[in-house]
Amino acid sequence: MSHARTAVVTGASGGIGAATARALAAEGFTVVCTARRAERVAALADEIGGIAVACDITSDADVASLAASAGPRVEVLVNNAGGAVGLEPLAEADLDDWTTMYATNVLGTGRVTKALLPAIRAAEGTIVFVTSTAAEAAYEGGAGYNAAKAGERMLAGALRLELCGEPVRVCEIAPGLVHTAEFSLVRFGGDQAKADAVYAGVAEPLVAGDIADAIAWMTTRPAHVNIDRLVIRPRAQAANHKLHKAR
Ligand code: 8X3
């Protein structure tokens, strides 16, 4: 008899996380939608027949309850929660922003992965780390975020080595420019004009659904196929600093 397959998606309150939760629900998973904002994940879980769990991935207690809610078997974990704060050059960097980025992208992702690993192992599951092209190469103003995403990438790499020989897949997707409502807004402390300027003139940036589609593809390959890392950008972006904009 087949059993319900469970997927856990962090940062599911919007953007890539919410789109991924929808895509995995469409693939037949029962999706545990988790983020700090309880109302948003509740609405999403309602929409897709999933389970909502309010969770701050920087909290040991919250992550322990997330693991309890997810249950003893988790087929897919998508580590999507994280993000960027600030775009100042290192000379003017706010180190509190760096602490926040490390606490979420690296420590939070590590905390969730550690807590859910027994359930992933039990289900012979798949872990997807949503990093960034910020882990591919440094860019001006990126130091704190480059470092955090490069750090998160190393979690995926180390874990894949540690689990080699076990029936668990460890995958990474590194998105470039994705136009979501909140990524740049958060990065610029709520400054909508600055956020809009990131995407201005880019006819076709990636959207959250493009990343969700790729994650659904990665997780639904045959079990022996491990997509180590998928770097995904819009056609208009050849590198983080090389973005075609219409004038
Ligand atoms: C998003 C890509 O260019 O802002 O993680 O670093 S970028």
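## Strands side by side

Let's start with a pair of strands: β1 (residues 6–10) and β2 run parallel to each other, joined by five bridges. One of the pairings puts Ala7 together with Val31 in β2. Keep in mind as you look around that this is a predicted model.

On to the next neighbour. β2 is also parallel to strand β3 (residues 51–54), this time through four bridges. Here you'll find Cys33 opposite Ala52 of β3.

## Getting from strand to strand

How does the chain travel between these strands? From β2 the chain passes through helix α2 (residues 38–48) and arrives at β3, making a right-handed β-α-β crossover. There's a right-handed β-α-β unit involving β1 too, built from β1, helix α1 (residues 15–26) and β2.

So is β2 tucked away or out in the open? Strand β2 (residues 30–35) is largely enclosed by the rest of the structure, because five of its six residues are buried.

## The second largest pocket

Now for some open space: the second largest pocket holds about 390 Å³. It's lined by 24 residues, and those closest to the centre are Glu124, Gly125, Thr126, Arg169 and Ala223. Sorted by class, the lining is a mix of eleven nonpolar, seven charged and six polar residues.

## A look at Thr219

Thr219 sits in helix α8 (residues 208–219). Its relative accessibility is 7%, so Thr219 counts as buried, the cut-off being under 20%.

Which residues does Thr219 touch, leaving aside those up to four places away in sequence? They are Leu24, Val76, Thr126, Val128 and Arg169. Two of those names, Thr126 and Arg169, also came up at the pocket's centre list.

Definitions and conventions. Residues numbered from 1 in each chain as written. Predicted model: local features only at pLDDT ≥ 70, side-chain atom pairs only at ≥ 80, totals over all residues. Heavy atoms only, no water. 1 Å grid on protein atoms, 1.4 Å probe; cavity = no way out; pocket = protein on both sides within 12 Å on 5 of 7 lines; lining within 4 Å. Points joined across faces, edges and corners; volume = space filled by probe spheres on them. Nonpolar A, V, L, I, M, F, W, Y, C, P; charged D, E, K, R; others polar. Helix = DSSP H or I, 4+ residues; strand = E, 2+ residues; numbered from the N terminus. Buried < 20%, exposed > 50% of the residue type's maximum accessible area, 1.4 Å probe, protein only. Contact = heavy atoms within 4.5 Å. Pairing = 2+ DSSP bridges. Right-handed = clockwise from strand over helix to strand, strands pointing away.
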